[in-house]
Amino acid sequence: MVEGDAGPEPLRVPGSRWARIAVVLLVAVVVPSALVGLVVVRSPEFSRLDEPAHSDYLRRIEQGEIDGIGALDQILIEELTLRENRRVKTALLMARLTAIKTLQGFDFAFQPSLDRNRVLALAELKFIDRAEVVHLLGPPGTGKSHLATALAVEAVKAGHSVVFSTLADLIASLAKAERDGTLHERIRYLSRASLLVVDEIGYLPVVPGGGNLFFQLVNARYEKSAMILTSNRGFAEWGEVFGDPVVATALLDRLLHHAVVIQIEGASYRLRQHADLVPEHVRSKALIAPPPAPRRRGRPPGKTTTDHDNG
Ligand code: ADP
Ligand code: MG
């Protein structure tokens, strides 16, 4: 038995080597399990974690590199990190995010028209608490879906419930629910998410009646929960996009009332290595028209901000 005789004393357990190992196991396994409420049934992750790690912790305790409390600390941190990762992973799956993108992975230098600080401010997620609508507008390949996904990932990490869908898929799911007689439940379910991301507005023509279904969802969420919408079309074109100017006006009325509009005017990241092969009319994109100021009857004026009025 080696007893330390200089420097800070690691936790020493008297008795035989086996007695020490038993006490160390108790500290390293049962105590953390108890602390996370798992004395009897331990999580599979923890079992996976502690098998290789145990022998390492035991070896380090044996060698005096770490004391029992230090080992306990580290095992607890690993367990909590693992649980947090599992929660985020499950929530990302639930959100139906097709690809994981991050703000760290976004090259702001490639899109000089985009105000980095504005995007980083959105990542603080106050817009979710304020039930605002964030519009990301711009030509294809300018990073709208990337940014929408990255903000959704931030929201999931912060514990918000998120649903991500393209407009076409969302309308298809609403149309199916209507056929099945479950539209009310479907809208209720989609209204519960604190953030709904609707990607690709304007890419595909909306099926007849689709605008109406989307309006019902937007109306259910209006002033209650946040949305991020991405589109390659200006608001003036929404009548055409939804195949119905009346529905488009009603949609815009709600979606621009408490809104943040971010317009990206740049080149496609997808085509960056082939810019010389791309025709000029595809490379230089016309500005998407800024939103018309919505007129609300009997309501105080809303706070709609755009890149233009924010600089
Ligand atoms: P959009 O939705 O505007 O058509 P995407 O967000 O889908 O464009 O971007 C197309 C591809 O290029 C994606 O793989 C995305 O991650 C990548 N991308 C776009 N812009 C950037 C950028 N500025 N920095 C890094 N990757 C980018
Ligand atoms: Mg996209």
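Biologist: Which residue is the bridge partner of V134 in β5?
Modeller: In β5, V134 bridges to V260. This is a predicted model.

Biologist: What makes β1 and β5 a pair of strands?
Modeller: Pairing takes at least two bridges. β1 and β5 are joined by five, and they run parallel. Therefore β1 and β5 count as paired.

Biologist: How do you know that β1 pairs with β4, and in which sense?
Modeller: Again by the bridges. Five bridges link β1 to β4 (residues 226-231), in the parallel sense. At least two are needed, so β1 and β4 pair. One of the contacts involves V133, whose bridge partner in β4 is M227.

Biologist: Why is β1 called largely enclosed?
Modeller: Buried means under 20% relative accessible area. In β1 (residues 133-137), five of the five residues are buried, so the rest of the structure largely encloses the strand. V133, H135 and L137 point one way, V134 and L136 the other way, and all are buried.

Biologist: Now the rings. How many aromatic pairs does a search of the whole structure find?
Modeller: Five. In one of them, F106 and F108 have their ring centres 4.9 Å apart and their planes at 65°.

Biologist: What makes the pair of F106 and F108 edge-to-face?
Modeller: Centres must lie within 6.5 Å, and planes over 60 degrees apart count as edge-to-face. At 4.9 Å and 65°, F106 and F108 meet both conditions, so the pair is edge-to-face. Both F106 and F108 are buried.

Biologist: Which class does the pair of F110 and Y269 fall into?
Modeller: Edge-to-face too: 4.9 Å centre to centre, with 80° between the planes. F110 lies in the loop between α3 (68-94) and α4 (116-122), and Y269 in the loop between β5 (259-263) and α12 (280-283), so the pair ties together parts 159 residues apart in sequence.

Biologist: Why is F110 called partly exposed?
Modeller: Its relative accessibility is 24%. Partly exposed lies between 20% and 50%, so F110 belongs there. Y269, at 37%, is also partly exposed.

Biologist: What makes R272 a charge over the ring of Y269?
Modeller: For Arg, CZ has to be within 6 Å of the ring centre and within 35 degrees of the ring normal. R272 lies over the face of Y269, at 3.8 Å from the ring centre.

Biologist: Which rings form a cluster?
Modeller: F214, F235, W238 and F242, linked by ring pairs.

Biologist: What makes the phi of L125 worth noting?
Modeller: Most residues other than glycine have a negative phi. L125 is not a glycine, yet its phi is positive, about 70°. L125 lies in the loop between α4 and α5 (126-129). At 6% relative accessible area, under the 20% limit, L125 is buried.

Biologist: What is the phi of E200, and where does E200 lie?
Modeller: Its phi is near 65°, positive in a residue other than glycine. E200 is in strand β3. At 35% relative accessible area, E200 is partly exposed.

Biologist: Is P205 buried or exposed?
Modeller: Exposed means over 50%. P205 has 73% relative accessibility, so P205 counts as exposed. P205 sits in the loop between β3 and α9 (210-221).

Biologist: On to empty space. What surrounds the largest pocket?
Modeller: The lining has 26 residues, and K101, K144, S145, H146 and R270 lie nearest the centre. The volume is about 580 Å³. α6 (144-157), β2 (162-166) and β3 (195-201) each supply at least two lining residues. The largest share, four residues, comes from α6.

Biologist: How do the lining residues of the largest pocket divide by class?
Modeller: Six are nonpolar, twelve polar and eight charged.

Biologist: How many cavities of 30 Å³ or more are there?
Modeller: Two. The largest cavity holds about 70 Å³ of space.

Biologist: What makes a space a cavity and not a pocket?
Modeller: In a cavity a 1.4 Å probe fits but cannot get out, whereas a pocket is open.

Biologist: Which residues line the largest cavity?
Modeller: Among them are A131, V133, Y222, M227 and H258. α9 and α11 (245-255) are the elements that give two or more residues. By class, the lining has six nonpolar, two polar and three charged residues. V133 and M227, both in this lining, are the bridge partners from β1 and β4.

Key: Residues are numbered from 1 along each chain as its sequence is written. Chains are lettered from A and ligands numbered from 1 in the order in which they are written. This is a predicted model: local features need pLDDT of at least 70, side-chain atom pairs count only at pLDDT 80 or more; totals for chains, interfaces and linings use all residues. Side-chain values use heavy atoms; hydrogens and water are left out. On a 1 Å grid over the protein atoms alone, a cavity is a set of points where a 1.4 Å probe fits but cannot get out, and a pocket is an open set with protein on both sides within 12 Å along at least five of seven lines; lining residues have an atom within 4 Å of a point. Grid points are joined across faces, edges and corners, and a volume is the space filled by probe spheres set on the points. Ala, Val, Leu, Ile, Met, Phe, Trp, Tyr, Cys and Pro count as nonpolar, Asp, Glu, Lys and Arg as charged, and the others, Gly among them, as polar. Rings of Phe, Tyr and Trp (its six-membered ring) pair if their centres lie within 6.5 Å; planes under 30 degrees apart count as stacked, over 60 as edge-to-face and the rest as tilted. Buried means under 20% relative accessible area, exposed over 50%, partly exposed in between (1.4 Å probe, protein chains only).
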